[in-house]
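Reader: I would like a close look at a single part of this model, chosen by you, followed outward into its surroundings. Please take your time over the details and connect them as you go.

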Amino acid sequence: VEGREETAPSVLENLRMFFKLRNGRSLLWFILGMCFLEASNAPLFIYGQRLFQDYHVAPSWIAAIMAASMAFNAVGFILAERLGRFSVPSLVMTLSLGAALATFAYLMRPPLPAAVALFILVDLLPGVLFIHTDAYINDRVPSEIRAAVLSVHSFLSSIAVSVAFLGVGGLLDRFPSHLVLGFLGVLPLLGMIALSAYFNAFASEAEVEAQPC
C-alpha cells in the first residue's frame, strides 16, 4: 500500500497555530495598541471637514487644507526612514503621546491657524509611524504567514475605525465638533496602555525567527 503524501498546513492553519503560541498571543497586544491609534486618526481626518465648517471656512479652502495634509503625509513617508535609528518602542510611545496631546488640543477650540496645524500634525504622525510598526510585525512573524497576520491587523483596524466613525458621527449631532474630535485623544492613550503592556511584558518573548510554525 502506497503511503499517502503529507500535505503542508494551510495558511489559515499556520495562522491559527501562531496565535495559539505565547508570542503570537502577545503580539495581539501590539496590534491592539495600533488599532486604537488608527481609530483616532481616520475619523479626525474625515470629520475634519465638519470641524472646519464650524470655523466657517469656505469649501474651497477646506479642500486646500485636506490637500495640504495629504501632501505633508506623503513627505512624512519619505522622511520616515530617518527615524530608523530610533527603537520602535520609543517611536511608538513618543508619537502616540504626541498624537494624543495634539488631538486633545482641539478641546480648547484653538484659533483657525493652530487648528489647521494640529490637523496636519495629527494626520502626519501615524503615517510616519506605520512604516516602522508594519516592519516590526514582519520581523516577528514567520515568513509564510506575514501577509495573513497583516491582514488580521487590517481587519481589526477596520473594525476599530468603523466603531469610531459611528461613535463620532453620532456625537457630532449633539455636541460641538471641536469637543467630539478633541476627545478622540483618549484613543491613543488607550493604545499606549496596550503597547506599554506589550513592550514591558512580552516584547522579548515575541522575537521569533522566520521559520514555519
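**A loop and its surroundings**

Author: Arg-109 sits in the loop that links helix H4 (88–104) to helix H5 (112–138), and this loop will be the starting point for what follows. The model is a predicted one, and everything described here should be read with that in mind. Although Arg-109 is not a glycine, its phi is positive, at about 45 degrees. As background, most residues other than glycine have a negative phi. Arg-109 has a relative accessibility of 39%, and it therefore counts as partly exposed, since that class covers values between 20% and 50%.

On the H4 side of this loop, Phe-104 is a useful residue to examine, as it belongs to helix H4, whose residues run from 88 to 104. Phe-104 is partly exposed, because its relative accessible area is 23%, a value above the 20% under which a residue would count as buried. Across the loop, Phe-104 and Leu-118 are separated by 14 residues in sequence, while their C-alpha atoms lie 9.9 Å apart in space. Once neighbours within four places in sequence are set aside, the contacts of Phe-104 are with Gly-182, Gly-185, Val-186 and Leu-189.

Helix H5, on the other side of the loop, spans residues 112–138, and it can be approached from residues earlier in the chain. Asn-73, which has its place in helix H3, is in contact with Asp-123, Leu-124 and Gly-127 when neighbours up to four places away are left aside. What is the accessibility class of Asn-73? Asn-73 counts as buried, because its relative accessibility is 14%, which falls under the 20% limit.

Ala-80 belongs to the loop between H3 and H4, and this residue too counts as buried, with a relative accessibility of 1%. In sequence Ala-80 and Gly-127 are 47 residues apart, yet the distance between their C-alpha atoms is 8.7 Å. If residues up to four places away are not counted, Ala-80 touches Val-128, Ile-131 and His-132. Gly-127 thus appears twice in this account, once as a contact of Asn-73 and once through its C-alpha distance to Ala-80.

A second loop invites comparison with the starting point, namely the one between H2 and helix H3 (59–79), where His-56 lies. His-56, which is not a glycine, has a positive phi near 65 degrees, and this residue comes just after H2. His-56 is exposed, because its relative accessible area is 74%, beyond the 50% that marks the exposed class, whereas Arg-109 counts as partly exposed at 39%.

The helix that leads into this second loop, H2 (residues 22–54), has 33 residues, and the distance from its first C-alpha to its last is 48 Å, close to the 48 Å expected for it at 1.5 Å a residue. H2 nevertheless contains a kink of about 45 degrees, which is centred on Tyr-47. Further along H2, Arg-50 and Asp-54 are four residues apart, about one turn of the helix, and these two form a salt bridge in which the closest N and O atoms are 3.7 Å apart. In general terms, side chains of opposite charge can pair when their charged atoms come close. The structure holds one salt bridge, and both of its partners are partly exposed, Arg-50 with a relative accessible area of 31% and Asp-54 at 30%.

H2 also has a part in the surface, since Leu-28, Phe-155, Leu-156, Ile-159 and Val-163 make a nonpolar surface patch of about 440 Å². Helix H6 (residues 146–172) supplies the largest share of that patch, with four residues. One of the residues in H6 is Val-163, which is exposed, with a relative accessible area of 56%.

Seen as a whole, the chain has eight helices and zero strands. Of its 213 residues, 45% count as buried, and the chain exposes about 11,500 Å², of which carbon and sulfur atoms supply 66%. Among contacts between residues at least 6 apart in sequence, 85% join residues at least 24 apart.

Terms used
Residues numbered from 1 in each chain as written. Predicted model: local features only at pLDDT ≥ 70, side-chain atom pairs only at ≥ 80, totals over all residues. Heavy atoms only, no water. Helix = DSSP H or I, 4+ residues; strand = E, 2+ residues; numbered from the N terminus. Expected span 1.5 Å × (residues − 1). Bend = angle between axes of the 7 residues up to and from the residue. Buried < 20%, exposed > 50% of the residue type's maximum accessible area, 1.4 Å probe, protein only. Patch = residues over 30% accessible without salt bridge, like charges linked within 9 Å, V, L, I, M, F, W, Y side chains within 5 Å. Areas by Shrake-Rupley, 256 points an atom, 1.4 Å probe, with all protein chains shown as cover. Salt bridge = Lys/Arg side-chain N within 4 Å of Asp/Glu carboxyl O. Contact = heavy atoms within 4.5 Å.
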